[in-house]
Amino acid sequence: MLFKLPFEMKATCGLLNNSYRWGTPTATCPKQFSWSEAFHIPLTKISDQACYGEFTSLRVVMTEFAAAMSKLARLLARILAQNLSNHGGIIDEICYESSCFLRLNRYPACPVSAKIFGLVPHTDSDFLTILYQDEVGGLQLMKDSKWVAVKPNPDALIVNIGDLFQAWSNDVYKSVEHKVMANEQKERYSVAYFLCPSYDSLIGSCREPSTYRKFTFGEYRKQVQEDVKKMGHKVGLPRFLQSQTVDVQH
Ligand SMILES: O=C(O)CCC(=O)C(=O)O
Ligand SMILES: [Fe+2]
């Protein structure tokens, strides 16, 4: 319903905190372009009546869904952190609602599906992502240097480790590279919950010697945005390797 609105309304009516995005504004060639549209809503706005306009019933669903996703994401992240460092509390210490997001994705059927991604290959810039996908399929992840299709199961959730958990775990947990293939016939929907720390929290490693230098989430996001703008793709964690810091400084 929400996605079926005319483009003008999605883009200009302030819906869901004005969070509507489509395609890839920075793309300079087809392989950098994502054939999808999304609402990317901060958790703090989810229960805000003003975000929903005429879609009042959506507010109830979104609020309940976000609360359930948030609870699950925190529980899983806490257990994973506890297993590694005996410090599961780190997650609740640094992850506030204010920096977490819910993202509604729609992938329209694509007439040139062989040449275009639904979503370009990437890793998520968060601690942990919980993903719900419908029955269409198209999500693939990188395993042992090969793309593997994730079998769609609308009764299951997918849990992905993000870049920040990889840095914090000193590469024990791996931020999984993933992408969505476009589909010529069917449109596809997914919803992702991103568990993020506050922008000023320092992400260090729970183990020494640390592979990455310490950085804040704010710094990380800024670097990712700069790289995407300059190069058309994200560099991510390699930018924050200790050795890279040394190279840059000397
Ligand atoms: O739609 C999907 O299955 C993946 C979505 C995703 O990777 C993202 O929103 O970061
Ligand atoms: Fe993702």
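The legends below describe close-up views of a predicted model.

**View 1. Three side chains coordinate the iron ion (ligand 2)**. The donors are H122 through NE2, D124 through OD and H178 through NE2. They sit at 2.1 to 2.2 Å from the metal. Along the sequence the donor residues follow the pattern H-x1-D-x53-H. D124 belongs to the loop between β4 (117–122) and β5 (128–133), and H178 to strand β9 (residues 178–181), so this pair ties together parts 54 residues apart in sequence. D124 has 7% relative accessibility and counts as buried, because buried means under 20%. H178 is also at 7% relative accessibility and is likewise buried. Water is not among the atoms, so the site may look incomplete.

**View 2. Polar side chains contact the oxygen atoms of ligand 1**. The shell around ligand 1 holds 13 residues. Y107, H122, H178, R188 and S190 come nearest. The side chain of S190 places an N or O atom 2.6 Å from an oxygen atom of the ligand. For Y107 the corresponding distance is 2.7 Å. A polar side-chain atom of H122 is 3.2 Å from a ligand oxygen. On its own, ligand 1 exposes 300 Å², and the protein buries 96% of that.

**View 3. Four strands each supply at least two residues of the shell around ligand 1**. These strands are β3 (101–107), β4, β9 and β10 (188–195). By residue class, the shell splits into six nonpolar, four polar and three charged residues. H122 and H178 are among the residues that come nearest to ligand 1, and both also coordinate the iron ion (ligand 2).

**View 4. F3 and F39 form a tilted aromatic pair**. The model has 12 aromatic pairs. In this one the ring centres are 5.3 Å apart and the planes meet at 50°, so the pair is tilted. F3 lies in the segment before α1 (7–12) and F39 in strand β2 (residues 37–42), so the contact ties together parts 36 residues apart in sequence. Both residues are buried. Ring pairs also join F3 and F39 with F7, Y20, W22 and Y189 in a cluster. Within that cluster, Y20 belongs to strand β1. Y20 is buried, with a relative accessible area of 8%. Y20 and R103 are 83 residues apart in sequence, yet their C-alpha atoms are 9.8 Å apart in space.

**View 5. Y220 pairs with F240**. A pair of aromatic rings is described by the distance of the centres and the angle of the planes. Here the values are 5.2 Å centre to centre and 45° between the planes, a tilted pair. Y220 is in helix α5 (residues 217–231). F240 is in the loop between α5 and α6 (242–249), 20 residues away in sequence. Y220 is buried at 0% relative accessible area. F240 is buried at 2%.

**View 6. The S34 side chain reaches the backbone of V120**. The contact is to the backbone nitrogen of V120, at 3.1 Å. S34 lies in the loop between β1 (20–22) and β2. S34 is buried, with a relative accessible area of 4%.

**View 7. The loop between β11 (202–203) and β12 (215–216) holds C206 and P209**. C206 counts as partly exposed, at 25% relative accessibility. The C-alpha atoms of C206 and Y193 are separated by 24 Å, although the two residues are 13 apart along the chain. The peptide bond from E208 to P209 is cis, with omega near -5°.

**View 8. N17 and N170 have positive phi values**. Most residues other than glycine have a negative phi. N17 has phi near 60°. N17 lies in the loop between α1 and β1, and is partly exposed with a relative accessible area of 30%. N170 has phi of about 55°. N170 is in the loop between α4 (163–168) and β9, and is buried with a relative accessible area of 13%.

Conventions
Residues numbered from 1 in each chain as written. Chains lettered and ligands numbered in written order. Predicted model: local features only at pLDDT ≥ 70, side-chain atom pairs only at ≥ 80, totals over all residues. Heavy atoms only, no water. Donors = N, O, S within 2.8 Å, 3.2 Å for Na, K, Ca; no water. Buried < 20%, exposed > 50% of the residue type's maximum accessible area, 1.4 Å probe, protein only. Near = heavy atom within 4 Å. Polar contact = N/O pair within 3.5 Å; in protein donor to acceptor, adjacent residues only side chain to side chain. Areas by Shrake-Rupley, 256 points an atom, 1.4 Å probe, with all protein chains shown as cover. Nonpolar A, V, L, I, M, F, W, Y, C, P; charged D, E, K, R; others polar. Phe/Tyr/Trp six-rings, centres within 6.5 Å; stacked < 30°, edge-to-face > 60°.
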